[in-house]
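Walk through this model with me, one feature at a time. Begin with the charged side chains, then turn to the fold, the surface and the pocket.

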Amino acid sequence: MTLARSKLTAQGQISVPAEIRRRLGIGPGAILEWDEEDGVIVVRRAGSSTSEDVHEAVFGDEVPNRHSLEDMERGIKQHVSEKHARTKRANKKHARR
């Protein structure tokens with residue numbers, strides 16, 4: 001069942017029919033992604049990726065190492081303390097001048 005039709009201009013442009021814009025929740029300036037899935041062209045609103053899409057983009061076929069909640073909390077705490085330590089050192093150097 002066809003939802004809508006668009007006509008291609010000589011410059012390779014199309015208009016997205018109102019019903020499709022409404023369903024996608026898009027307006028002027030919206031970015032659309034074109035993809036091929038099993039021989040079918042799929043058009044979707046950019047940014048509407050699934051968690052599987054994100055996982056594949058980040059890890060590919062690689063299975064990431066598992067970490068406990070404690071490991072993640074420890075890593076976040078270490079990152080924040082290192083980030084603020086750099087800021088404190090920079091502020092001390094600036095204050096000495």
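Glu19 is partly exposed, because its relative accessibility of 30% falls between the two cut-offs, buried being under 20% and exposed over 50%. Keep in mind that this is a predicted model. Glu19 pairs with Arg23 in a salt bridge, and their closest N and O atoms are 2.8 Å apart. Both residues belong to helix 1. They sit 4 residues apart, about one turn of the helix. Arg23 has a relative accessible area of 53%, so it counts as exposed. The pair does not stand alone: Glu19, Arg22 and Arg23 are linked in a network of salt bridges.

Side chains of opposite charge can pair when their charged atoms come close. How many salt bridges does a search of the whole structure find? The search finds 5. Another of them lies in helix 3, which covers residues 69-96. There Asp71 meets Arg74, with 2.6 Å from N to O. These two are 3 residues apart, again about one turn of the helix. Asp71 has a relative accessible area of 33%, so it is partly exposed. Arg74 reaches 51% and is therefore exposed.

A further salt bridge joins the side chains of Arg44 and Asp35, at 3.6 Å from N to O. Asp35 has 35% relative accessibility, so it counts as partly exposed.

Now step back to the fold. The protein chain has 3 helices and 2 strands. Read along the sequence, they follow the pattern α-β-β-α-α. What share of the 97 residues is buried? Buried residues make up 2% of the chain.

Helix 2 shows this openness at the level of one element. It spans residues 51-59. Of its 9 residues, the number buried is 0, so helix 2 lies largely in the open. Gly60 follows helix 2. The phi of Gly60 is positive, near 65 degrees.

Next, look at strand 1, residues 32-37, and find Trp34. Is Trp34 buried or exposed? Its relative accessible area is 54%, so Trp34 is exposed. Trp34 also helps to make a nonpolar surface patch. Its partners there are Leu8, Ile14, Ile41 and Val43. Together the five residues give a patch of about 510 Å².

Last comes the largest pocket. Its volume is about 250 Å³. The lining holds 13 residues, and the closest to the pocket centre are Ser6, Ile14, Pro17, Ile20 and Val43. Which elements give two or more residues to this lining? They are helix 1, residues 18-24, and strand 1. By class, the lining has 10 nonpolar, 2 polar and 1 charged residues.

Two names now turn up twice. Ile14 and Val43 are among the residues closest to the centre of the largest pocket, and both also help to make the nonpolar surface patch. Helix 1 recurs as well. It carries the pair Glu19 and Arg23, and it contributes to the pocket lining. Strand 1 holds Trp34 of the patch and gives residues to the lining too.

Definitions and conventions: Residues numbered from 1 in each chain as written. Predicted model: local features only at pLDDT ≥ 70, side-chain atom pairs only at ≥ 80, totals over all residues. Heavy atoms only, no water. Buried < 20%, exposed > 50% of the residue type's maximum accessible area, 1.4 Å probe, protein only. Patch = residues over 30% accessible without salt bridge, like charges linked within 9 Å, V, L, I, M, F, W, Y side chains within 5 Å. Areas by Shrake-Rupley, 256 points an atom, 1.4 Å probe, with all protein chains shown as cover. Salt bridge = Lys/Arg side-chain N within 4 Å of Asp/Glu carboxyl O. 1 Å grid on protein atoms, 1.4 Å probe; cavity = no way out; pocket = protein on both sides within 12 Å on 5 of 7 lines; lining within 4 Å. Points joined across faces, edges and corners; volume = space filled by probe spheres on them. Nonpolar A, V, L, I, M, F, W, Y, C, P; charged D, E, K, R; others polar.
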